[in-house]
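Me: I'm new to this one, so could you walk me through it in plain words? I'll ask as I go.

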Amino acid sequence: MKKTNRKTIIAVLVIAVALTALLIATTRSSTQYFLTVSELQSGETDMTGRNVRMSGVVLGETIVYDAKTLDLTFEVAQIPGDHKVIKEMGGMAVVLEEAAADPTLPRITIHYNGVKPDLLKHEAQAIVSGSLDANGIFQAKELLLKCPSKYESALPNQAGN
Amino acid sequence: MFYLGLISFAASMLAMLVALILTIFQLFKRRTILTSSIITLASVSFGLHTLSVLTLMAMQVLQDYSISYVVSVVNSVMPTILKMTAIWGGQAGSLFFWGWTLNLVLFISLHVRRQIQDGWSFLFTALNLLFFGAISLFAENPFSRVWLLESGDILEGVFSPAAGASVYGGISGFGLNPLLRHWGMVIHPPILYLGFALFLVPFSVAVSYLIRGESGEGLLGETRLWLLFAWVLLTAGIVLGSWWSYDVLGWGGYWAWDPVETASLIPWFTSTGLLHSLLLQKQRNIFKRFNFVLILLTYILIIFSILITRAGLLNSVHAFGESNISLPLMLLTLTLFVVSVALLVWRWKHLQSGWELTSLVTRDAAFLYTNVILIALTIVCFYGLAYPLITGVFTGTQIGLDRTFFDQAAVPLFILLAALMAVCPLSAWTVNSVRQLGKTAVIPLVLSILLTIVSFFLLTKSWLALIVLFVVAFGLLLMLALSLRDCKSPREAGKRWWAQRARHGAWFVHAGVLLIALGIVGMEGLAGSIQGTMIPGDKMPLRSYHVEFVQLTTEYENPEYMTIEAELALWKDGKVVDRLYPGQHLYEDRGQYVSIPDKQSTLRGDFYTLLLDYSSMMGYVTIQASDNPLVNFMWIGAILMVLGAALAASLPWKSLQLDYVDEKDQELQHS
């Protein structure tokens, strides 16, 4: 009994170490910072080239789509990242509506190459994953959209690479 | 109708509450058998609950726009089937429906031939049910009405929010989001819910065993069928979701490691592990503790999955947005966890079982490896899900993991699992028979190596894809070879095959998983696509195909949307082999369009086309065409898994032992 116990413990340890190593290695290569537009642009830490996920409200007039090359660019404006703040401001639908109409908020241009998602429109919430390039344009690898309305729960649309 | 729905729902919960109180009295008197009055009350509760669900559905179909839930998910142009199923299209309705599935499951467990509920398990089942009932009654009431105040403001509430307010009924609602108006919406949610709900019964029964201090031999026999059916529905639910995602562009492909997808996969890992270690406990009387842990953990992970879906903590395709119910759900998850851990610690010694592995190549060992990998997958996926939540708490900014994490950490484990499944038929209960079986493996091994070499030259240079192809080929060929070996005397073969249907069912399931792996290789490693802008008569090449744009049509007949469709001719070897009609549905009321792909589906794969852009005035379209080889093996594999599990379930638990003896006899005859 004792002998099997020791064997079991060794086996469990080996597996645990292997799993931890796998988790650490993969965590390092796929870490992603969740930031808002203003946090990304504040320049406190230079985020250029880092893997970032960011959320903002889509400005409908800025959407440019070339269906031949699948190049899609649009601007998003700052919205708060904190659930509590959003709730205090009256919910996501209100926040999106106000942010889209407020020209004083920080904005950023997003570039994405891929099929234009069905839900990409004015006042939609865009969640983009990618990185900031040297020209200050956000190169998105993944684009996820949500369109909350007053009654209906948020329903999103996703397009990934 | 409003009163009928609300009152029958409230009365149903009340009846369940009374049944619960009666049970507690019984338990105080140390009586654990359910009295007939408790069972009657629970049945009445189910009847009333069903009535209230049907009432809400009827209000949706009859478009009672004084009910705010109806306003949010129904509109006048939706087809009737979608009006009905809109009951699980929004937060309040789907929670209400989930509560009903729990009641359904309880009802079944009280009325099947072998009733398995006792006082303690009923207590836990009813508590879970009442928890969700309370949420529907007090926080997310689907019967909430729209009120017009004297000031002209509009408010929601079950009862009049202010003096002078009147019920306000509009003429149409918002309707389901167009992305949800699809067949997937009709079948995917209820099947997944039922799969989730069925795990409540094994959970409650296990808790009852722990409280009563029973050692757990009976637990297996009593809960096996429940676990198998729950597992089948969970599997079917997950795959149907994947199929829907593939069929509608908007959802982002057949699998995207979306938090809600991942959250539903985690209990699948633990329950799959459970199905394996149950057999070990049966055959060798080991893993008793492990089985208890897995039964409890699976249900806790299901509640966690509901929490992820409902609370809006993570950005997900499925998230219902901000909600007030995340706190109660978090508390439920924590409570279930603490109670389970406490009970296990309390009875840990009591659950001792033997622990011996005769060899590292026998079937016990293979089962052990399987479960180690499944647990590792559980940990990896849970860690990936929880990482942003944890970093959010500790550092203020959320730091998450993108999907490369899941691709890199989970895929190697999946490949190991597939490899184990491939060699699984080679493992037997004794070392000797393993040697015997090894001889049968030679031909499949040679064939699959040849196949892999051919694939290297013809299909792909990706070593990852080649490894999976090899594993899949070897696994399938091996099962085929062993089945053929068993068929030497055809008259006996059928009988023996039926007698051993639990084992052959398991093979079906494994073959199904391997076929799904084949489909994934097709999508991830072998697919190709092209997009181009064309005017009528233009052709675009993709592999051995040509896509010709014929014409653009517009149709106004459907009241829900306007349809714009491109007619494409698919050419192969100089002739038209098919016509495809990818299009867009424009929902004018919402200013939203939904892309509707069209595909030519064959066993070889899908030729998948999408209308990306068009100009009716200029007469051009932009089309994306993809060749997705092998993709349909995913759906075939899933069907095989469900059939296999059903086959295994048809063998009574008691006879499983016989299967073991038969097999040994058979192996002796062969050696």
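Me: Let's start with two helices. In which hand does α19(B) pass α20(B), left or right?
Reply: Bear in mind that this is a predicted model. In it, helix α19 (residues 501-526) of chain B packs with helix α20 (residues 632-649) of chain B, their axes 7 Å apart. As for the hand in which α19(B) passes α20(B), the crossing is left-handed.

Me: How are α19(B) and α20(B) directed to each other, roughly parallel or roughly antiparallel?
Reply: They pack at an angle of about 165°. Angles over 145 count as roughly antiparallel. So α19(B) and α20(B) are roughly antiparallel.

Me: What are the residues of the contact of α19(B) with α20(B), by class?
Reply: Sort the contact residues into nonpolar, polar and charged. The contact of α19(B) with α20(B) then comes out as 19 nonpolar, 6 polar and 1 charged.

Me: Back to the start of the chain. At what angle do α1(B) and α2(B) pack?
Reply: Helix α1 covers residues 2-28 of chain B, and helix α2 covers residues 36-61 of chain B. Their axes are 8 Å apart, and α1(B) and α2(B) are roughly antiparallel to each other. α1(B) also passes α2(B) in a left-handed crossing. The packing angle is about 160°.

Me: How many charged residues are in the contact of α1(B) with α2(B)?
Reply: The nonpolar residues of that contact number 16, and the polar ones 9. That leaves the charged class, and the contact of α1(B) with α2(B) has no charged residues.

Me: What span should α2(B) have, and how far apart are its end C-alpha atoms?
Reply: α2(B) has 26 residues, and at 1.5 Å a residue it should span 38 Å. The model agrees with that, because the end C-alpha atoms of α2(B) are 37 Å apart.

Me: Which residue just after α2(B) takes a positive phi?
Reply: Look just past the end of α2(B), where phi is about 55°. The residue with that positive phi is B:Q63.

Me: How is α5(B) directed relative to α6(B)?
Reply: Helix α5 (residues 91-111) of chain B and helix α6 (residues 119-139) of chain B pack at about 160°, with their axes 9 Å apart. The crossing of α5(B) and α6(B) is left-handed. Given that angle, α5(B) is therefore, relative to α6(B), roughly antiparallel.

Me: Now the sheets. Which strands are at the edges of the open sheet with the order β2-β1-β3?
Reply: The 3 strands of this chain B sheet pair in the antiparallel sense. An edge strand here pairs on one side only. That picks out β2 (154-157) and β3 (166-167) of chain B.

Me: Which residue in β2(B) stands opposite B:W147?
Reply: Strand β1 (residues 145-148) of chain B is joined to β2(B) by 4 bridges, and the two run antiparallel. Opposite B:W147, in β2(B), stands B:L155.

Me: Why is one side of β5 and of β12 in chain B left without a neighbour in the sheet?
Reply: The open sheet has 4 strands in the order β5-β14-β13-β12 (chain B), with antiparallel pairing. From one strand to the next, the twist averages 15°. β5 (528-534) and β12 (598-602) stand at the edges of the sheet, so each is left with a single partner strand.

Me: What is the bridge partner of B:Q600 in β13(B)?
Reply: β12(B) and strand β13 (residues 605-615) of chain B run antiparallel and are joined by 5 bridges. In β13(B), the partner of B:Q600 is B:F607.

Me: Which residue in the turn between β6(B) and β7(B) has a positive phi?
Reply: Strand β6 (residues 539-542) and strand β7 (residues 545-555) of chain B pair in the antiparallel sense over 4 bridges. They form a hairpin with 2 residues between them. The one with a positive phi, about 50°, is B:R543.

Me: How many residues does the hairpin that joins β7(B) to β8(B) go through?
Reply: β7(B) and strand β8 (residues 562-572) of chain B pair in the antiparallel sense over 10 bridges. One bridge pairs B:T553 with B:E565 in β8(B). The hairpin joins β7(B) to β8(B) through 6 residues.

Conventions:
Residues numbered from 1 in each chain as written. Chains lettered and ligands numbered in written order. Predicted model: local features only at pLDDT ≥ 70, side-chain atom pairs only at ≥ 80, totals over all residues. Axes fitted to C-alpha atoms, helices over the stretch in contact; angles between N-to-C directions. Parallel < 35°, antiparallel > 145°, perpendicular 65-115°, else oblique. Left-handed = near helix turned anticlockwise from the far one by under 90°. Nonpolar A, V, L, I, M, F, W, Y, C, P; charged D, E, K, R; others polar. Pairing = 2+ DSSP bridges. Expected span 1.5 Å × (residues − 1).
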